[in-house]
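Biologist: Could you take one part of this model and walk me through it closely, then show me how the rest fits around it? Keep it relaxed, but keep the numbers in.

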Amino acid sequence: MFGDDVDEGDVLVSLCDLKTYYGEDSLLSDDPVKAVDGVSFDIHKGETLGLVGESGCGKTTLGRTLIQLEDATAGEVRIGDTDVTTLTGDDLQRWRRNSQMVFQDPESSLNDRMTVGAIIREPLDVHDWKTPRERRARVRELLDTVGLSEEHYYRYPHQFSGGQRQRVGIARALALEPEFVVLDEPVSALDVSVQAQILNLLNRLQDEFGLTYLFIAHDLSVVRHICDRVAVMYLGNVMELGPTERLFQQPQNPYTHALLSAIPEPDPTADSDRITLTGSPPSPRDPPAGCPFATRCPMKIRPPEYDSVDTEVWARVEMLREVLRERSNADRSLTERAREILGLSSRFSSADEVHDELFADVTLPAAVEDHIEEAMDHVRNDNETRARAQLREAFGSVCDEERPKSHVVDDESGTSRCHRHRDEHDEPSRSQVVSE
Amino acid sequence: MATTVETTFRERLTRQPGPATKWLGVLLVLVALQFGAVMQTIMSTVPWGTIGGALPATAPWAALAGVGDALADLPTLLARDVIPNQGYQVPGEGWQGTFMGLSPAAAWGIRVSLVYLYSFGFVGWLGYGYLVFRRHYRAADWTPYDDMLGRLDGHRWGQFGLVVVLMFIVMALFAPTLGPTTVQSNIAEPFSHELQYFDENAGEVTTILVGEANLQSVSKGGGGRNVGPMQYDRYDRFHPFGTLPSGKDLFTFMVAGARVSLFIGLLYISLAAGLAVVLALVTAYYKGLADLTVVIAGDSVQALPQLLVLILLSFVLSDTWIAGIYNGGLLLALIFAITGWPYLWRAVRGPALQVSNEEWIDAAKSFGQRPVTTMRKHMLPYVVGYLLIYASLSLGGAIIGVAGLSFLGLGVNPPTPEWGRAVSAGQPYVATASWHISLIPGIMVVIIVTAFNALGDGIRDAVDPQSEAGSNEVAAGGGGA
């Protein structure tokens, strides 16, 4: 029922507007955590698709949803004619044979009260694979395949190094001969010297068994080394997806650009043209209404009437909006919330200080100043929601209001989500970068 | 393919049969010594009559049954009648009716020593078997459990606990053999049994009812009305721990009481621990609503004052049919289990939650392992060590609890022996010559509860070497009377 008839290079797994939210069904929940918020892309048979992004951007959740460790909230994971998010019971059990996962932490992914042989054999036992004797023989064969030796059958994970343990994890994932393997940061817990060995092993296995990988990582150099295509995730969204070399050399999306800037340059004299992102990603409980990256984007589109405003001044204005936004998301204790509801006071009474700090050394154009003063009045009256709305109305653009669509940005059908790909705006390029 | 190194346990056994044969040889000796008892168990527990009735009544079958009965009558090393200690002394002729004419004290001492030698020999045989298996037949050269046993190796405090606990268990198992007399003849129905003694006034061997002899052997303070530890009464009966105020033998009372305590304790622990571990695994695996429900249930039960509930329930239910089973022992065990499980559940919930967050649980889910198997294979081994620790500690608590209840006159009904009742009976004589009645059972309770705690400490240090010895916040919890 899974991918056997798919040719090399054809679509094997197809994600369609996949959403995974956490904490919806909890009794005392606020907004759900939107870990994966509408992701669509295809994974081709035999390729390695990299999935990169900052910590907490939802890449691991996406991987876990793909192998049905998490239930999808909405959307589809289509393999052939089957939507695997709707599988249950025996169908799901049968399907599980075909997609496996290699976990991040080899210390935690192997039960150290079981022998290595029993660990690798367990998937075979679960799916009643042939006879017990054949299973044991298969385990020995797998040990050999991943570069361990047969004598290791009755050893315990304690007796192995991190790299060897990860090999055991890989052998377990391969036991049922899956088509599709999710590699969740498989080398990030290992020494650099061992990382290369494991990556080479993964490459060799892919050639040998025709595997399809989803390679989740935050180490961009590893991704560049091993992946055919790369998807860049931010706040539950795939911002850009494209062939590895094109993406690394000519990133089209401002976020990809910023992410790649974070790769350390070995040559200290090299002309550095970096984008350093300020602040932290917004809370996935309350993502921005428009572009997910709008709150930190250095290339954000301005309303036409402010085009002439000085870059430095504009950056301060955006920063004020960011500060107000952060404050609304900050954790507040029950008492504080109660006091706020009762209109007693909030703990945020330092709005003027923020204002002074931001705007003391710049001269604001009159049009800008009016709006800011009006917003500050709302803040002083303890109505920050109102202040935020007012600022958005005054200074917001399409980036704040509309979720960017996926635009094809290269001739290999790579895509990027950014309003600047639309004809009426300039393409995102370095000239618009707001430098610090 | 590499099937050549594949060896099964049987293949390893046939390749090197020596050590296993030696081990089985020791078993044969041990069984031979008690062969009669083994056959007796087989002949008496299996309903041969029913089976024989179903089969055609043929001569060979009848002969076989006869052989079985004959074998069951074979003398066994540890039977009372092989080394009898009940006899009487005739002046000039020495002891009559005892083992090889020895004094009752010596005969009794030999029997007790043999029982303990045999039992520790059996335990040693089990340990030796494990070592033989580990050295010669186990496929893995090392397992994590080796390290745990290794840590127990140098743990003197834990070993002390283990030895005392084993002695206690042997005492309970061999209670009828260990006593200088039997519960039936001396405690339960003394007026239905007789004994012979040499009456100095009459100058001849006379027969008297045990009950009447008891009345002349009471321990009620001083003035000739006391039979202390290691003393003979005037009917030449030997009392290792002296007698009770009723004249009954305290040692016989104690060994039979050990049985009752151990039965209640073990039943309580298996029920409570079973419930605790199942709930802990289920709540840790599913979390959410399941966890919340059990937390509320557990907290509600824990909010009840356990001792008061015990007293109340054992009083309220004392006239029902359930109080009749094992003289109220079953009822006590059930009440202990119902009020005591949250304590054990709390103790293993932490480790269970911790292990449920390991990635190997996700891995098991990802290839479709069934939840029950995941709990058993991937969670239980990490929880069971902690369960043993707390089970051992609360078993001591249960023994105190049972003794405390019977001290108050609740719980196990007389005449079934219970240690707390001995303490209670001796209370008026604590400051007199009959101090032994309260003191000996009291010290025994202290020693055994300490031993269970020591064993728990030992297991904890073996299972979880990071936890420093000294955090004894759980010691002697549970019953806490």
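**A buried charge pair and the strands beside it**

Modeller: Let's start with a salt bridge: the side chains of A:Arg246 and A:Glu240 meet at 2.7 Å, N to O. Both A:Arg246 and A:Glu240 are buried. Keep in mind that this is a predicted model, so every value here is computed from predicted atoms.

A:Glu240 leads us to strand β10 of chain A, which covers residues 237-243. Its partner is β9(A), and the two pair in the antiparallel sense over six bridges. If you want a place to look at the register, A:Ala231 stands opposite A:Leu241 in β10(A). The two strands form a hairpin with two residues between them, and there A:Leu235 takes a positive phi near 50°.

Now for β9(A) itself, residues 229-234: six of its six residues are buried. The cover is on both faces, with A:Arg229, A:Ala231 and A:Met233 on one side and A:Val230, A:Val232 and A:Tyr234 on the other. β9(A) also pairs with strand β3 of chain A (residues 48-52), this time in parallel and through four bridges. In that pairing A:Leu49 stands opposite A:Arg229. As background, strands of a sheet pair through backbone hydrogen bonds, either parallel or antiparallel.

From β3 it's a short hop to another salt bridge. A:Glu54 and A:Arg296 meet through their side chains at 3.4 Å, N to O. A:Glu54 lies in the loop between β3 and α1 (59-66) of chain A and A:Arg296 in the loop between α9 (254-261) and α10 (311-329), so this pair ties together parts that are 242 residues apart in sequence. The two partners get unlike labels for cover: A:Glu54 counts as partly exposed because its relative accessibility is 23%, while A:Arg296 is buried, with a relative accessible area of 9%.

For a local counterpart, try A:Arg204 and A:Glu208, whose closest N and O atoms are 3.3 Å apart in a salt bridge. They are four residues apart in helix α6 (residues 192-209) of chain A, so about one helical turn separates them. Here both ends are partly exposed, A:Arg204 at 39% relative accessibility and A:Glu208 at 47%. There is a network too: salt bridges that share partners join A:Arg121, A:Asp125, A:Asp128 and A:Arg135. Over all chains, a search of the whole structure finds 29 salt bridges.

Elsewhere in chain A there is an open sheet of four strands, in the order β2-β1-β4-β5, with antiparallel pairing. β2 (33-44) and β5 (82-83) stand at its edges with a single partner strand each, so one side of each is left without a neighbour in the sheet. Further in, β1 (residues 11-22) and β4 (residues 74-79) pair over four bridges, and A:Lys19 stands opposite A:Ala74 in β4(A).

Last stop, some charges without a salt bridge. On the surface, A:Glu369, A:Asp370, A:Glu374 and A:Glu393 gather in a patch of negative charge. Helix α13 of chain A (residues 366-380) gives the largest share of that patch, three residues. A:Glu374 is placed in helix α13 and, at 40% relative accessibility, counts as partly exposed.

Terms used: Residues are numbered from 1 along each chain as its sequence is written. Chains are lettered from A and ligands numbered from 1 in the order in which they are written. This is a predicted model: local features need pLDDT of at least 70, side-chain atom pairs count only at pLDDT 80 or more; totals for chains, interfaces and linings use all residues. Side-chain values use heavy atoms; hydrogens and water are left out. Patches are made of residues with over 30% relative accessible area and no salt bridge: like charges are joined within 9 Å, nonpolar side chains (Val, Leu, Ile, Met, Phe, Trp, Tyr) within 5 Å. Accessible areas come from the Shrake-Rupley method with a 1.4 Å probe; for residues, only the protein chains shown count as cover. A salt bridge is a side-chain nitrogen of Lys or Arg within 4 Å of a carboxyl oxygen of Asp or Glu. Lys and Arg count as positive and Asp and Glu as negative; His and the chain ends are not counted. The place of a charge is taken as NZ of Lys, CZ of Arg, CG of Asp or CD of Glu. Buried means under 20% relative accessible area, exposed over 50%, partly exposed in between (1.4 Å probe, protein chains only). Two strands pair if DSSP finds at least two bridges between them.
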